[in-house]
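User: Could you take a close look at one part of this chain for me? I would like to understand how two of its helices pack together, and what surrounds them.

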Amino acid sequence: MCFARALHRQCPQCGRGHLFARWARLSERCQVCGLIFRREDGAELGSMYLSATVSQVFAALVFAGIWIATDWSFGPAFLLGAPIVLAFCYGFLPLSMSTWTAIEYITDVYNCEWWAQPRV
């Protein structure tokens, strides 16, 4: 349930507060229930690794697809592939951040942290 809330860019705890203040800028806390999204330095490090891994796999697939489907040299393949990969990276960033916020919330609930109060 909290993953669905986070993927809809809502607070993973209550589902009513907004997760982002603006594009890919995580709010400090939920405006409704007060859940703090970034409690410590490096809280979004996992999001960075998730985003980097998924983006690199996507880039490899794009460039492998261009290499297999065409006989282009490096220049034209790069001119086509690079904007596609950059657009994907930019678009995937909020999804990565919201996914990682949900993972941290689930971990906090499992560890019985005082600030994480599961709601149905």
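Analyst: Happy to help; here is a walk through the helix pair, followed by the loops that come before it.

A word on confidence to begin with: this is a predicted model. Its chain has a mean pLDDT of 90, with 98% of the residues at 70 or more. Among the elements of the chain, H2 has the highest mean pLDDT, 95, while helix H1, residues 2-7, has the lowest, 89.

Now to the pair itself. Helix H2 covers residues 45-69 and helix H3 covers residues 74-110. The two pack with their axes 8 Å apart, at an angle of about 150°. An angle over 145 degrees counts as roughly antiparallel, and H2 and H3 are therefore roughly antiparallel to each other. Their crossing is right-handed. As for the residues that make up the contact of H2 with H3, 19 are nonpolar and 7 are polar, and there are no charged residues.

One residue of H3 deserves a closer look, and that is serine 96. Its relative accessibility is 0%, so serine 96 counts as buried, the cut-off being under 20%. A polar atom of the serine 96 side chain lies 2.7 Å from the backbone oxygen of serine 47. If you are viewing the helix pair on screen, this is a nice spot to centre on.

Moving back along the chain, the loop between strand E2, residues 25-26, and H2 holds another serine, serine 27. With 8% relative accessibility, serine 27 also falls in the buried class. The side chain of serine 27 reaches the backbone nitrogen of alanine 21, at 3.2 Å. Both serines, then, pair burial with a side-chain contact to a backbone atom: serine 96 with the oxygen of serine 47, and serine 27 with the nitrogen of alanine 21.

Two further loop residues are worth checking for their backbone angles. Alanine 24 sits in the loop between E1 and E2, and its phi is positive, about 55°, although alanine 24 is not a glycine. Arginine 9 belongs to the loop between H1 and strand E1, residues 20-22. The phi of arginine 9 is likewise positive, near 65°, again in a residue other than glycine. Arginine 9 has 35% relative accessibility and so counts as partly exposed.

To put the centrepiece together again: H2 and H3 pack at about 150°, cross in a right-handed sense, and meet through 19 nonpolar and 7 polar residues.

Methods
Residues numbered from 1 in each chain as written. Predicted model: local features only at pLDDT ≥ 70, side-chain atom pairs only at ≥ 80, totals over all residues. Heavy atoms only, no water. Axes fitted to C-alpha atoms, helices over the stretch in contact; angles between N-to-C directions. Helix = DSSP H or I, 4+ residues; strand = E, 2+ residues; numbered from the N terminus. Parallel < 35°, antiparallel > 145°, perpendicular 65-115°, else oblique. Left-handed = near helix turned anticlockwise from the far one by under 90°. Nonpolar A, V, L, I, M, F, W, Y, C, P; charged D, E, K, R; others polar. pLDDT = per-residue confidence, 0-100. Buried < 20%, exposed > 50% of the residue type's maximum accessible area, 1.4 Å probe, protein only. Polar contact = N/O pair within 3.5 Å; in protein donor to acceptor, adjacent residues only side chain to side chain.
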